[in-house]
There are 2 protein chains.
Amino acid sequence: MARSNKERTEATRLALIEAARRLFVEKGYAETATPDIVAEAGVTRGALYHHFEDKKALFRAVLEREGEAVAAHIEGVALEGTSPRAALLLGASAYFDAMAAPGRTRLLLLEAPAVLGLESVVAIDRENAEGTLRVGLADFLGAGANAAALKALTEMLSAAFDRAAIAIETGADRKTYEGAIADLIDGLVRA
Amino acid sequence: MARSNKERTEATRLALIEAARRLFVEKGYAETATPDIVAEAGVTRGALYHHFEDKKALFRAVLEREGEAVAAHIEGVALEGTSPRAALLLGASAYFDAMAAPGRTRLLLLEAPAVLGLESVVAIDRENAEGTLRVGLADFLGAGANAAALKALTEMLSAAFDRAAIAIETGADRKTYEGAIADLIDGLVRA
DNA sequence: ACCTTTACATACAAACTGTCTGTATGTTAA
DNA sequence: TTAACATACAGACAGTTTGTATGTAAAGGT
């Protein structure tokens with residue numbers, strides 16, 4: 001079978017990213033060795049180091065895919081025509097849906113901050129989901145809050161969502177957390 | 001100088017823990033090699049592996065010290081005689097004080113979850129700080145909320161505090177975050 | 001058809017972790 | 001006080017792991 005270089009590259013990168021994702025989720029980044037990754041992907045280490053600068057770059061590629069998937073899922077939810085409050089709650093629900101993909105919380109919320117540093121994670125994930133949340137909050141609160149306070153609230157609620165996503169993945173009842181979020185949100189309107 | 005075995009052990013363990021803490025804070029757990037740690041501590045790797053099962057156990061010892069310091073700081077704040085609301089806000093402020101120790105947010109909030117797993121971290125840190133928060137919230141909310149909802153709120157607020165602590169360490173204005181926390185808390189009373 | 005570039009495969013060097021063995025010092029008891 | 005033992009190390013060693021360097025075959029341009 002004669003494949004073009006572009007096809008080969010695409011196929012190899014994808015195989016590596018998916019194999020790495022499986023192993024990073026299963027054993028964590030530090031415990032996953034590159035020989036294991038390439039064996040799972042059906043290639044050699046030469047291919048890995050040809051396409052990625054190092055192991056961390058491969059992890060970053062996995063993370064970027066994950067962040068894009070989350071962003072796409074959230075973008076896909078229709079919020080137009082709903083009240084600001086409903087938009088926030090729908091957004092939260094969509095976020096939980098997005099984070100329900102197996103292993104996603106481990107990758108994005110546990111491994112990534114330690115491996116890539118908080119800044120890179122902020123760039124990948126928060127820039128997306130947190131941006132949406134900030135706009136939603138601004139809409140909901142009206143012109144009442146200044147920029148700094150809005151940023152602080154956004155960050156803190158985003159962290160709360162992350163923690164809720166982890167709890168939900170580990171078996172907690174989703175309704176309970178969505179209710180608690182609604183309580184937090186509703187309280188904000190008179191602050 | 002003739003030192004007793006107990007003294008030697010105590011001194012060596014402390015030197016290792018303090019050296020490891022410095023390096024873990026500076027370069028992160030994964031990037032810190034045991035030869036560097038023992039050099040910084042002025043001992044050999046033989047001593048390290050005599051006192052600790054492995055590198056992870058040394059990290060755990062660092063973390064436990066850190067968690068104890070946070071708990072001690074929070075316990076040291078007098079909350080008796082204050083209103084439930086004031087108790088919560090004072091507790092939050094005390095938490096920020098405690099987390100202001102250099103490197104503490106990195107160790108407890110970024111490295112620990114990835115290195116030890118979320119469960120171990122919950123056991124070390126949350127069991128302490130989160131327990132206090134849960135009681136404070138229960139006091140504040142009265143008999144209004146059920147146990148599951150209280151647990152969810154506690155976890156989410158705890159995560160919000162953590163994120164605020166990180167923001168504060170990276171230069172954000174503390175007053176802004178304390179104000180945002182007050183807003184979140186105050187909103188909860190009518191939910 | 002030729003030459004260059006890309007996509008790998010394999011061999012290699014350096015670093016790191018945990019273990020094992022040996023030694024010196026402290027501890028206990030006859 | 002000395003014989004027997006336990007503890008606290010030091011240093012050597014083996015197995016992995018990471019990133020690099022070198023070699024090769026297939027694709028792509030001219």
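The following paragraphs describe the contacts between protein chains A and B and DNA strands C and D in a predicted model.

Around DNA strand C there are 21 residues, of which Thr9(A), Thr44(A), Thr34(B), Arg45(B) and Tyr49(B) come nearest. The surface near this strand draws at least two residues from each of α1 (5-27) and α3 (45-51) of chain A and from each of α2 (34-41) and α3 (45-51) of chain B, and by class its residues comprise 5 nonpolar, 11 polar and 5 charged. Sugar or phosphate accounts for 67% of the atoms of DNA strand C within 4 Å of the protein, the rest belonging to bases. On the backbone side, an N or O atom in the side chain of Thr9(A) is placed 2.3 Å from a phosphate oxygen of DNA strand C, and a polar side-chain atom of Thr12(A) lies 3.0 Å from a phosphate oxygen of that strand. A base is reached from chain B, where an N or O atom in the side chain of Arg45(B) is 2.5 Å from a base nitrogen of DNA strand C.

For DNA strand D, the nearest of the 21 surrounding residues are Arg45(A), Tyr49(A), Thr9(B), Thr44(B) and His51(B), and 72% of the strand's atoms that come within 4 Å of the protein belong to sugar and phosphate. Here α2 (34-41) and α3 of chain A, together with α1 (5-27) and α3 of chain B, each contribute at least two residues to the surface, which divides into 5 nonpolar, 11 polar and 5 charged residues. Phosphate oxygens of DNA strand D lie 2.3 Å from a polar side-chain atom of Thr9(B), 2.3 Å from one of Thr44(B), and 3.0 Å from an N or O atom in the side chain of His50(B).

Terms used
Residues numbered from 1 in each chain as written. Chains lettered and ligands numbered in written order. Predicted model: local features only at pLDDT ≥ 70, side-chain atom pairs only at ≥ 80, totals over all residues. Heavy atoms only, no water. Near = heavy atom within 4 Å. Polar contact = N/O pair within 3.5 Å; in protein donor to acceptor, adjacent residues only side chain to side chain. Helix = DSSP H or I, 4+ residues; strand = E, 2+ residues; numbered from the N terminus. Nonpolar A, V, L, I, M, F, W, Y, C, P; charged D, E, K, R; others polar.
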